Amino acid sequence: MKNVVIFSYASFNWRRYSRPWLCRMTERGGYDFNANVGTYTGAERGEAGDLVVFEPEEGVVYGYGQKDYRGIRDIESLEILSNDPFRKFGTPMKIAKLFGGKSGYLQAVHELQTEIYVA
């Protein structure tokens, strides 16, 4: 199969939004950024362009979007967990352990950000 344009972007504020991204989706609905499955044809500084999948495979689900740099950075820090309303759930370390530790907590935050900002 030939390359396929899956989305066309108008110009965008490059200080607020990332360059559009593209990935394969896992069977469980996660994002797999390990394979180079396509590209964005616009320039780095917010120029209009197309999101292109290289030779898409039948049955593969592709995800795409842009990061909004306004983000939720504060929640990436365990320090935020010592504030209300998080305190009612325990100490920051106790809350992080609910996610399997700090790395599990950060992974959950990343997944939440991805879900929020998916186009």
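Mentor: Before we start, helices (H or I, at least four residues) and strands (E, at least two residues) are DSSP runs, numbered from the N terminus. The model is predicted: local features need pLDDT of at least 70, side-chain atom pairs count only at pLDDT 80 or more, and totals for chains, interfaces and linings use all residues. Residues are numbered from 1 along each chain as its sequence is written, and side-chain values use heavy atoms, with hydrogens and water left out.

Trainee: Okay, so which strand does Thr39 lie in?

Mentor: Thr39 sits in strand 4.

Trainee: And what's the strand order in the open sheet?

Mentor: The order is 1-5-4, three strands with antiparallel pairing. Two strands pair if DSSP finds at least two bridges between them. In general, strands of a sheet pair through backbone hydrogen bonds, either parallel or antiparallel.

Trainee: Which strands stand at the edges?

Mentor: Strand 1 (4-9) and strand 4 (38-40) do; each has a single partner strand, so one side of each is left without a neighbour in the sheet. Strand 1 pairs with strand 5 (residues 49-53) in the antiparallel sense, over five bridges. In that pairing, Val4 stands opposite Val53 in strand 5.

Trainee: Back to Thr39 for a sec. What does Thr39 contact, leaving aside neighbours within four places in sequence?

Mentor: Thr39 is in contact with Arg19, Leu22, Asp50, Leu51, Val52 and Phe54. Contact here means heavy atoms within 4.5 Å. Its relative accessible area is 32%, so Thr39 is partly exposed. The cut-offs are under 20% for buried, over 50% for exposed and partly exposed in between, with a 1.4 Å probe and protein chains only.

Trainee: Got it. Which residues make up the largest nonpolar core?

Mentor: Eight of them: Tyr9, Phe12, Leu22, Val37, Tyr40, Leu51, Val53 and Tyr62. A nonpolar core is a set of buried Ala, Val, Leu, Ile, Met, Phe, Trp, Tyr and Cys residues joined through side-chain atoms within 4.5 Å. Another core lies apart from that one, with six residues, among them Leu78, Ile95, Ala96 and Tyr105.

Trainee: How far is Thr39 from Ile95 in space?

Mentor: They are 38 Å apart, C-alpha to C-alpha, and 56 residues apart in sequence.

Trainee: New topic, rings! How many aromatic pairs are there?

Mentor: The count is eight. Rings of Phe, Tyr and Trp (its six-membered ring) pair if their centres lie within 6.5 Å; planes under 30 degrees apart count as stacked, over 60 as edge-to-face and the rest as tilted. Tyr31 and Phe33 are stacked, at 6.2 Å centre to centre and 20 degrees between the planes.

Trainee: And why is the pair of Phe99 and Tyr105 edge-to-face?

Mentor: Because their planes are at 70 degrees, with the ring centres 5.7 Å apart. Tyr105 is buried at 4% relative accessible area, while Phe99 is partly exposed at 42%. Elsewhere, ring pairs link Phe7, Tyr9, Phe12, Tyr40 and Tyr64 into a cluster.

Trainee: Last one: where is Gln66 found?

Mentor: Gln66 is in the loop between strand 6 (62-65) and helix 1 (92-97). Its relative accessible area is 14%, so Gln66 is buried. The Gln66 side chain reaches the backbone oxygen of Ser18 at 2.9 Å. Tyr17 touches Gln66 too, along with Phe12, Lys67, Asp68 and Tyr69, not counting residues up to four places away in sequence.

Conventions:
A polar contact is a pair of N or O atoms within 3.5 Å; within protein, one must be able to donate a hydrogen and the other to accept it, and residues adjacent in sequence count only if both atoms are side-chain atoms.
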